[in-house]
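Student: Could you walk me through how to read a structure like this one, feature by feature? I would like to hear the general idea each time, and then the case at hand.

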Amino acid sequence: MNTPTARSSGQIVVAGAGYAGLHVALRLTTKLRSDSQMELILVDRHDYHQVITELPRVAGGTRAADAVRIPLQDVLATRVRFVQTEINGFDLAGRRLLTGAGPIGWKRLLLALGSRPNDFAIPGLAQRTLSLYSASDAERVWAAASKALDEAAAATDPERQRRLATVVVGGGGATGVELAGELAETLPEVASGHGLAPDRPAVQLVEAGPTILADSSPQLIDKATGILSDLGVQVRTNAAIAAATDEGFQLTDGQLVEGGVFVWAGGLKAPELAADSGLPAGHNGRIKVDQYLRVLDHPEIYVAGDLASVTDPRTGHVLPPLAQVALEEGETVARNLDAELNDRPLEAFTFHDKGFVVSVGPRRGVADIAGITTGGHLAHLLKDAIEWEYRQSVKHLRGWDPVAR
Ligand SMILES: Cc1cc2nc3c(=O)[nH]c(=O)nc-3n(C[C@H](O)[C@H](O)[C@H](O)COP(=O)(O)OP(=O)(O)OC[C@H]3O[C@@H](n4cnc5c(N)ncnc54)[C@H](O)[C@@H]3O)c2cc1C
């Protein structure tokens, strides 16, 4: 390579302490001990890492928001410099992040800033719906559902009571399914506590496409649909939302979906910051990278996680925004930064699909692993095990040696 190596200044900046960014920071920690020249700076607006995959449980009231916030000071070594600040832009020519705490120069930069909800420019959606991409979002969903049930209990008009006690979830992907399942299981008990009949709360899942969990196997979709139906979730497919109004979701076929709480889980796109960066944008505003996960024409900048637009050569499709993808990409970036420090050749990124697991309520789930589909309690245990393993890995990654592996 004809670009300066990371070693020549020693300053590696990781922007974003989510799945990809934290993984890289933890992976490179060992290097700090053996290389006194190297400086590793991690930048995030929060001083905690969010276990986003557990948000549906917070939104369903079965887990506290603080339980999915891991304080960064508990997992970062003292030699990692953490800067809690908002990243506002980039000075690409000067190789600096522009932040609320002032500019931060980099020799190598990892961009791992995640996603934000995509409202597909549907009128009223951003203003009238809650979203689910942070622990605070999830807390808001639970608070809104509880408040709506409170108001429903006080309502004397049965029609108004029915409307208030209905939570409408837009988007039948994994997030929408997990959220609908959690709420359907927990709301009846809350309703009883408010003096409402346990069957008064209703959860509706509204999906524009012909099926929930699009792109999954028909068996998985059948099993998930069966569990949702068992839980009383009303699934409406081929139901595209034209607008969100004060009355509810106005569908393109003219129907109105009424409710007391509306949550949008229908898609994600790259943060605005990425769109304004001048870096090459691909699918949904994600940043285009080469096989080593470096930005095209900017080999000093790596991108990983939801923000990276990476095409899977086996399918020809861009990899989905998943924690499992973010962690694998983080692994490749950590190895490549280490390779640069040691003048070794870079590794190309290859995705190893570990399968797909979705919880449907706090007790059941569905899973497609190695071509085998399971549904029910076992799949939920699998999801619990994945989440447990992730939390363990965050605690133990600091002792990593990429060459010994
Ligand atoms: C509800 C829900 C459930 C999910 N469940 C699963 C699942 O079960 N399995 C799975 O594989 N995937 C799941 N996902 C997807 C998964 O959470 C994401 O793919 C993953 O979080 C992406 O990791 P990341 O590192 O790219 O971004 P993130 O984990 O989102 O991290 C981005 C970080 O950047 C910081 N940041 C962003 N912008 C700025 C800024 N301007 N200034 C400072 N800091 C900034 C944020 O604070 C955050 O810490 C789920 C997603 C959602 C929303």
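**Reading strands, surroundings and burial**

Tutor: Let us begin with strands, where the thing to look for is which strand pairs with which and in what direction: here 2 bridges join strand β7, residues 96-99, to β8, and the two run antiparallel. One such pair places Arg96 opposite Gly105 in β8. Please keep in mind throughout that this is a predicted model.

Student: Which strands form the open sheet, and in what order do they stand?

Tutor: The sheet has 3 strands in the order β6-β7-β8, with antiparallel pairing. Because β6 (87-91) and β8 (104-105) each have a single partner strand, they stand at the edges, and one side of each is left without a neighbour in the sheet.

Student: How many bridges pair β6 and β7, and what lies between these two strands?

Tutor: β6 and β7 are paired in the antiparallel sense over 4 bridges, and Asp91 is found opposite Arg96 in β7. The two strands form a hairpin with 4 residues between them, and in the turn Arg95 has a positive phi of about 50°.

Student: Where else is phi positive in a residue other than glycine?

Tutor: One case is Phe120, with phi near 50°, which is placed in the loop between β10 (116-117) and α4 (125-128). Another is Asp215, whose phi is near 75°, in the loop between β12 (202-206) and α8 (218-230).

Student: Are Phe120 and Asp215 buried or exposed?

Tutor: To answer, we compare the relative accessible area with two cut-offs, since buried means under 20%, exposed means over 50%, and partly exposed is in between. Phe120 has 47% relative accessibility and therefore counts as partly exposed, while Asp215, at 83%, is exposed.

Student: Which strands pair with β9, and in which sense, parallel or antiparallel?

Tutor: Strand β1, residues 11-15, pairs with β9 in the parallel sense over 4 bridges, and within that pairing Val14 stands opposite Leu110 of β9. Strand β21, residues 298-303, is joined to β9 by 3 bridges and also runs parallel to it; there the bridge partner of Leu111 is Val303.

Student: What can be said about the two faces of β9?

Tutor: When you look at a strand, it helps to ask what its side chains do on each face. In strand β9, residues 108-111, both faces are covered, with Arg108 and Leu110 buried on one side and Leu109 and Leu111 buried on the other.

Student: How do I read the surroundings of the ligand, and which residues come nearest to it?

Tutor: Start with the residues around the ligand, of which there are 29, and note that Ala20, Asp44, Ile87, Asp306 and Lys383 come nearest. Then look at individual atom pairs: a backbone N or O atom of Ala20 lies 2.9 Å from an oxygen atom of the ligand, and a polar backbone atom of Ile87 is 2.9 Å from a nitrogen atom of the ligand. For Asp306, a polar side-chain atom lies 2.7 Å from a ligand oxygen atom. Taken alone, the ligand exposes 1,000 Å², and the protein buries 91% of that.

Student: Which helices supply residues of the shell, and how does the shell divide by class?

Tutor: α1 (19-34) and α10 (323-341) each supply at least two residues of the shell, and the largest share, 3 residues, comes from α10. By class, the shell has 15 nonpolar, 9 polar and 5 charged residues.

Student: Where does Glu331 lie, and how far apart are Glu331 and His23 in sequence and in space?

Tutor: Glu331 lies in helix α10, and at 12% relative accessibility it counts as buried. A chain can be read both along its sequence and through space: Glu331 and His23 are 308 residues apart in sequence, and 7.1 Å apart in space from C-alpha to C-alpha.

Student: As a last case, is Ser277 buried or exposed, and what does it touch?

Tutor: Ser277 is found in the loop between α9 (272-275) and β19 (287-288), and with a relative accessible area of 8% it is buried. Its side chain reaches the backbone oxygen of Ala274 at 2.6 Å. Not counting residues up to four places away in sequence, Ser277 touches Phe90 and Leu92.

Notes
Residues numbered from 1 in each chain as written. Predicted model: local features only at pLDDT ≥ 70, side-chain atom pairs only at ≥ 80, totals over all residues. Heavy atoms only, no water. Near = heavy atom within 4 Å. Polar contact = N/O pair within 3.5 Å; in protein donor to acceptor, adjacent residues only side chain to side chain. Areas by Shrake-Rupley, 256 points an atom, 1.4 Å probe, with all protein chains shown as cover. Nonpolar A, V, L, I, M, F, W, Y, C, P; charged D, E, K, R; others polar. Buried < 20%, exposed > 50% of the residue type's maximum accessible area, 1.4 Å probe, protein only. Contact = heavy atoms within 4.5 Å. Pairing = 2+ DSSP bridges.
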